[in-house]
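Here are a few short exercises to try with the model open beside you. Work through each task yourself before reading the solution.

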Amino acid sequence: MRNKYALVFVAAWLLLLAGCAGVKTAPPTAATTMGAAAPEVQAQQQQPGEAATIEQPPLQAVPSSAMSGNRAVIALLDRAQSDTASGQRETAGASLERALRIEPRNPWLWLELAQVRLAQGQYAQAITLANKSNSFAGKQRRVQAENWQVIAKARVAQGDTAGAEQAFKFAAELAQQARAEAERNSSFW
């Protein structure tokens, strides 16, 4: 009997992910995270001594319900995302910190907070938060790739070109792995 419920749960979860794969959003902001189709990361031609510039297609948003099953966390995450969209980054950070008190091991929440800190220009803290998110991400390639994007952007802002290029490479590799996993999962059903 348990196996039937587990199979129904897995099927419903995969359908939810498949339904989210077609949603497109604006270019990435602090309120967006990587969707099932991760972006291709391409370094443009650069002059010696210049920071790497990266061209990316728009990222797909991950619905709040896929980031947590806790209603209070979802409400706080939704509030943080709307506050970020309206430019109220301090309020967004406070909402995310409250959500993290409820789910301190949720890598999506740490990623969202890292993106807010990046947008605020707090680059060292953004890197620390993205690394913390990676420590909880396990095999979630999408969140890991987005964390490395945050790290790379913070390193560019800090003037660490070599570190940024390495982080962008990690992000691209993880994004490719996330795409491959998503394709395997979608073709399975």
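**Exercise 1.** Find the residue whose side chain makes a polar contact with that of Gln120, then describe its surroundings.

*Solution.* Begin at Gln120 in this predicted model: its side chain is joined to that of Arg117 by a polar contact of 2.8 Å. Next, place Arg117 in the fold: the residue belongs to helix H5, which spans residues 107–119. Finally, leaving out residues up to four places away in sequence, list what Arg117 touches: Gly93, Glu97, Gln122, Gln125, Ala126 and Leu129.

**Exercise 2.** Classify Arg117 and Glu90 as buried or exposed.

*Solution.* Take Arg117 first: its relative accessibility is 7%, and buried means under 20%, so Arg117 counts as buried. Now turn to Glu90, in helix H4 (residues 89–102). Its relative accessible area is 57% and the cut-off for exposed is over 50%, so Glu90 is exposed. To place Glu90 further, check Val116: the two are 26 residues apart along the chain, and their C-alpha atoms are separated by 8.4 Å.

**Exercise 3.** Work out which helix gives the most residues to the largest nonpolar core.

*Solution.* Start with the core itself, which has 35 residues; Leu96, Leu109, Trp148, Val150 and Ile151 have the most contacts inside it. Then go through the helices: H3 (71–85), H4, H5, H6 (123–137), H7 (141–158) and H8 (161–188) each supply at least two residues of this core. H5 gives the most, with eight residues. To finish, look around Val150: beyond four places away in sequence, Val150 touches Leu111, Ala114, Gln115, Leu118, Ala126 and Ala130.

Definitions and conventions. Residues are numbered from 1 along each chain as its sequence is written. This is a predicted model: local features need pLDDT of at least 70, side-chain atom pairs count only at pLDDT 80 or more; totals for chains, interfaces and linings use all residues. Side-chain values use heavy atoms; hydrogens and water are left out. Helices (H or I, at least four residues) and strands (E, at least two) are DSSP runs, numbered from the N terminus. Buried means under 20% relative accessible area, exposed over 50%, partly exposed in between (1.4 Å probe, protein chains only). A polar contact is a pair of N or O atoms within 3.5 Å; within protein, one must be able to donate a hydrogen and the other to accept it, and residues adjacent in sequence count only if both atoms are side-chain atoms. Contact means heavy atoms within 4.5 Å. A nonpolar core is a set of buried Ala, Val, Leu, Ile, Met, Phe, Trp, Tyr and Cys residues joined through side-chain atoms within 4.5 Å.
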